[in-house]
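Visitor: I am new to reading protein structures, and I would like to go through one slowly with someone who can explain each step. Could we bring it up and begin?

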Amino acid sequence: MSRINRTYRLIVIALCALAAACVVVGLPQVAQAYQTEASVPVSQMFVSDDAAVDSTFTYTFTALDYTASTPMPAGSVGETYTFNMVGTADSTIDVDCSAAPDGTYEYLVKDASVQKPGYTYEQRSYTVRIYVASSRVVATTVERDSDQMKVSRIDLDPTYQTPLSPLGTIDVTKKADDAKASAGGLINYTIRVESSGSVSAVGVWIKDYIPEHTTYVSCDNDGVFTDDGDRGYVNWFISNMSPGDVLELHLTVRVDSDVTSETTISNVALNQVTGSTDPPDFTKDPSGSASNKAATTIEPASSSASVKTGDAPWAIFFALAALCAAGIVALSYAHCSREDR
């Protein structure tokens, strides 16, 4: 019986030793429960295509259901603590809870930066909860509001991408010098380009295909004619047009000699503001809207100034009348001469 008691005592001693070991191993977690300051981890990852831009972002840590006894970070104004994160960095929000009454305290963390072009800002918000008992921090949790997921830290992901410069706008109109033309004659086109926007139009591209039933003659303002094996086309490129600038481009074509009368020759000017001072690929077409349509109608061939066959009876009549008049004058003269004698 004494042997059983001895075994029992050994088992009890072993269990006590195991319990003591567990307590020792568990000391860090217990010590965490007795902290008086809550530290909330914050991590910002800033991505930018320009290393020289401002990388400072502003955030707020705001107490919900705020009272005068709500624990707040040092430097807070009322219920709000404002902090900055610069570039890619890690930090903490430290809240002294040593004087806080027992309870659960909730805070909202969100972006409060002044919005600027090119930037995208953190859209997510986070809810932080600090649990206090006997002026000690029992636990701190972070919840991502978008999906109510518990997370280990507040992650912030702002970005910057260099904005594209405003392209500017242009108005393009086209007209022919005359609504009518003749076979073999010339048609002179005027393309009027106006920079109509509030910013400069950078990279103004005008392209004009030589219309059907015509051939290219000339163009001005550094236009470039390209023979593509058909009738060809002309490209103009203006690197910059300030607001209000107006430019007139001229193109002359010759009507084919065998074109039939009443044929209508129509033509438009394609255009685009490319946004670049480098010339585009002229073998392609501008992506902007086309100008109005300039139309010219071919007139019938003009009548000859010579007398036509249908005029012969009238010609004979006038010739006979002239002869009769001459005969009467001659007879009157002869009669007067005899009387004088």
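Visitor: How many helices and how many strands are there in the protein?

Guide: Before counting, please keep in mind that this is a predicted model. With that said, the protein contains 23 strands, and beside them there are three helices.

Visitor: What is the average pLDDT of the protein, and which stretches stay under 50?

Guide: pLDDT is the predictor's confidence in each residue, on a scale from 0 to 100, and 78% of the residues here score at least 70, with an average of 84 for the protein. Over residues 20-33 the value is below 50, and this stretch has four contacts in the model beyond near neighbours in sequence. For another such stretch, the model has zero contacts beyond four places in sequence, and that one is residues 333-341.

Visitor: What share of the residues counts as buried, and what share of the contacts between residues at least 6 apart in sequence joins residues at least 24 apart?

Guide: The protein has 341 residues, and 30% of them count as buried. Turning to contacts between residues at least 6 apart in sequence, the share that joins residues at least 24 apart is 71%.

Visitor: How many residues does the largest nonpolar core have, and which strands each supply at least two of them?

Guide: In soluble globular proteins, nonpolar side chains tend to be buried together. The largest nonpolar core in this model has 31 residues, and those with the most contacts inside it are F61, F83, I93, Y107, V128, I130 and I154. The strands that each supply at least two residues of this core are β1, β3, β4, β5, β6, β8, β9 and β11.

Visitor: How many residues are in the second, separate core?

Guide: This second core is separate from the one just described, and it includes V234, L251, V255 and A269. Its count of residues is 25.

Visitor: Which residues is Y107 in contact with, leaving aside its neighbours within four places in sequence?

Guide: Y107 is among the residues with the most contacts inside the largest core, so it is a useful place to look at the surroundings of a single side chain. Leaving aside neighbours within four places in sequence, the residues in contact with Y107 are F61, T62, A63, L64, T70, P71, M72, V95, Y126, T127, V128 and I130.

Visitor: Is T190 buried or exposed?

Guide: T190 lies in strand β15, which covers residues 186-195, and it touches T173, K174, K175, E248, L249 and H250, not counting residues up to four places away in sequence. The C-alpha atoms of T190 and L249 are separated by 5.7 Å, although these two residues are 59 residues apart along the chain. Because its relative accessibility is 16% and the cut-off is under 20%, T190 counts as buried.

Visitor: Which residues form the covered face of strand β21, and which residue in β23 stands opposite I265?

Guide: In a regular strand the side chains alternate between the two faces of the sheet. In β21, T264 and S266 make up the uncovered face, whereas the covered face has I265 and N267. Strands β21 and β23 run antiparallel and are joined by four bridges, and the residue in β23 that stands opposite I265 is T296.

Visitor: Which residue is joined to D281 by a polar contact between side chains, and where is D281 found?

Guide: D281 is found in the loop between β22 and β23, and with a relative accessible area of 39% it is partly exposed. A polar contact of 2.6 Å joins the side chain of D281 to that of T283.

Visitor: Is E262 buried or exposed?

Guide: E262 is found in the loop between β20 and β21, and it has a positive phi of about 70 degrees although it is not a glycine. Because its relative accessibility is 53% and the cut-off is over 50%, E262 counts as exposed.

Visitor: What is phi of S135 near, and where does S135 lie?

Guide: S135 lies in the loop between β8 and β9, and it is partly exposed, with a relative accessible area of 26%. Its phi is a positive value in a residue other than glycine, and it is near 65 degrees.

Visitor: How many disulfides does a search of the whole structure find?

Guide: Among the cysteines, C97 is buried, with a relative accessible area of 0%, whereas C219 is partly exposed, at 23%. A disulfide needs a pair of cysteine sulfur atoms within 2.5 Å, and the number found in a search of the whole structure is zero.

How values were computed:
Residues are numbered from 1 along each chain as its sequence is written. This is a predicted model: local features need pLDDT of at least 70, side-chain atom pairs count only at pLDDT 80 or more; totals for chains, interfaces and linings use all residues. Side-chain values use heavy atoms; hydrogens and water are left out. Buried means under 20% relative accessible area, exposed over 50%, partly exposed in between (1.4 Å probe, protein chains only). A polar contact is a pair of N or O atoms within 3.5 Å; within protein, one must be able to donate a hydrogen and the other to accept it, and residues adjacent in sequence count only if both atoms are side-chain atoms. Two strands pair if DSSP finds at least two bridges between them. A nonpolar core is a set of buried Ala, Val, Leu, Ile, Met, Phe, Trp, Tyr and Cys residues joined through side-chain atoms within 4.5 Å. Contact means heavy atoms within 4.5 Å.
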